[in-house]
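Me: I am new to this structure and would like a close look at a single part of it. Could you walk me through one strand and its surroundings?

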Amino acid sequence: MSETSYLLAIDNGTQSVRALLFDLQGNLVGKGKVPLEAYYSKQPGWAEQDPDYYWSSLAEACRLLWASVDIDRSLIRGVALTTQRGTVIHVDEQGQPLRPAIIWLDQRRAEAEGRIKGPWGWLFRLLRLEPTVDHFRTQAEVNWVAQNQPELWARTHKVLLLSGFLTHRLCGRFVDSVGCQVAYLPFDYKRLDWAKPSDWKWQAMPVRREQLPDLCKPGETLGRITAEASRLTGIPEGLPLVAAAADKACEVMGSGGVAPDTACLSYGTTATINTTRQRYLETIPLIPPYPAAVPDHFNTEVMIYRGFWMVSWFKQEFGLREMQRARELGVEPEALFDELVNGVPPGSMGLTLQPYWSPGIREPGLEAKGSIIGFGDVHTRAHIYRAILEGLAYALRQGKERIEKRSGTRITRLRVSGGGSQSDAAMQLTADIFGLPAERPHVFETSGLGAAIDCAVGLGLHPDFPTAIAAMTRVGQVFQPNPEARRVYEQLYREVYLNMYRQLKPLYQKIRDITGYPA
């Protein structure tokens with residue numbers, strides 16, 4: 001291995017796209033970042049974006065990267081791409097988008113037309129799973145497009161995720177990584193491939209196999225950078241584009257959290273807790289594990305859909321004072337928001353939040369809503385902010401315990417990444433609530449680092465994944481649990497938080513019946 005070899009990782013998230021240059025020791029050498037408008041809404045609940053906006057932003061991020069570093073680009077050995085999950089794009093034969101991308105945050109619903117037929121239908125009726133199957137059908141973006149835009153659907157040559165769309169723009173091929181397939185599409189999560197012809201998912205949506213891209217495992221070569229892509233991005237023509245995985249999967253590997261006893265917490269727009277294992281394991285029955293960034297492995301994931309979106313919501317609605325003051329002082333807003341958190345005692349003086357701002361599928365169910373209980377005249381916006389952070393940590397701890405119960409493996413280490421991990425206050429209360437040291441990785445850009453690891457192994461720059469992960473990931477700062485805070489949190493978690501959903505579920509169902517929300 002040459003110490004002067006570099007790897008280019010492109011990370012297209014919800015809030016920004018980053019072009020990241022890593023060396024073979026996992027050091028971030030350079031970065032170009034372009035903020036993104038997450039989506040626009042033509043109708044209430046819709047979330048769409050122009051696919052070409054992502055492509056032009058990617059190219060701009062690359063140009064910003066080249067302007068920030070002084071290196072010989074011939075030393076870059078390969079490129080890997082990681083993106084947000086579940087964003088669907090319909091394209092024609094030339095790969096041109098036929099309509100705006102439907103973003104993973106979109107809330108529109110299709111109709112579940114007719115029943116699943118044959119043995120699958122009998123089985124679903126016998127096991128009373130038809131509501132779960134119908135939820136899958138109503139969530140599937142391809143069903144909505146086929147029902148509401150049939151002429152456009154008839155012209156659809158391929159249905160791509162954002163990763164597949166950008167891959168086509170980079171190398172000119174309709175191909176994608178197995179590790180990126182997290183969407184309402186006919187994918188077999190156990191076999192890590194498109195579903196067999198007999199699978200019920202082909203009945204649940206109109207998409208045909210030939211409308212889906214070919215798939216490669218993480219570490220395999222998807223194609224090579226075309227002349228046109230090189231002209232727009234500055235990436236050297238002919239460089240191999242190596243398959244990586246979706247952002248959450250890459251984040252897990254980039255954090256070094258690939259042992260079954262290590263949980264990776266992602267404090268992003270969606271908050272998740274993941275472990276990595278070779279065996280297919282459903283943490284919640286019928287909710288599959290997702291493909292890992294390590295080939296032929298799975299991420300057992302529990303997700304809080306709105307996650308640190310709630311933190312952004314709080315900052316937008318109640319944090320203008322801190323945002324303005326941070327600009328005046330020339331400091332990061334997180335430092336001032338940490339002051340808010342640290343001014344409130346652990347447990348937020350009884351204010352307890354359940355973070356189901358968006359409903360689930362099974363646990364929590366379709367009726368679930370968010371709630372905050374325990375208000376008194378002592379509570380301020382600082383208490384609400386801390387209660388949001390605590391509620392997310394409670395929910396992820398509950399996810400940890402579900403994973404432990406289903407897998408039989410005790411989780412002994414926590415790696416915490418994502419935007420929220422930059423808050424020392426969030427890291428400390430995570431350690432306190434879990435009762436475990438919370439480890440922050442050595443770099444913030446863990447999704448990009450995970451993609452770079454896939455690239456390094458795929459090109460033979462490291463001999464295998466364990467070697468690459470050991471060489472390119474390491475722990476930065478560690479936050480130890482505070483015994484006094486831990487005692488408070490243990491009681492609140494066991495005696496209050498764990499009872500909230502069960503106690504409030506009948507009320508959530510009544511609210512849904514009366515108001516029709518959530519639909």
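How many bridges join strand β21 to β22, and do the two run parallel or antiparallel?

Reply: Happy to help! Please keep in mind that this is a predicted model. Two bridges join β21, residues 413-417, to β22, and these strands run parallel. Within this pairing, Arg415 stands opposite Glu439 of β22. To get from β21 to β22, the chain passes through helix α14, which spans residues 424-434. This β-α-β crossover is right-handed.

Now let us look at β22 itself, which covers residues 438-441. In a regular strand, side chains alternate between the two faces of the sheet. You can follow this here: Ala438 and Arg440 point one way, while Glu439 and Pro441 point the other way. All four of these residues are buried. Glu439, the residue opposite Arg415, is thus found pointing to the side that Pro441 points to as well.

Pro441 leads us on to another neighbour of the strand, since Pro441 stands opposite Val475 in β23. Strand β23 runs from residue 475 to 479, and three bridges join β22 to β23. Here the direction is antiparallel, whereas β21 and β22 run parallel.

Finally, a word on where this sits in the chain. The division into domains gives domain 1 (6-237), domain 2 (256-306 + 407-479) and domain 3 (310-397 + 483-514). Reading the numbers, you will find β22, at residues 438-441, in the 407-479 segment of domain 2.

How values were computed
Residues numbered from 1 in each chain as written. Predicted model: local features only at pLDDT ≥ 70, side-chain atom pairs only at ≥ 80, totals over all residues. Heavy atoms only, no water. Buried < 20%, exposed > 50% of the residue type's maximum accessible area, 1.4 Å probe, protein only. Helix = DSSP H or I, 4+ residues; strand = E, 2+ residues; numbered from the N terminus. Pairing = 2+ DSSP bridges. Right-handed = clockwise from strand over helix to strand, strands pointing away. Domains from an automatic or database assignment.
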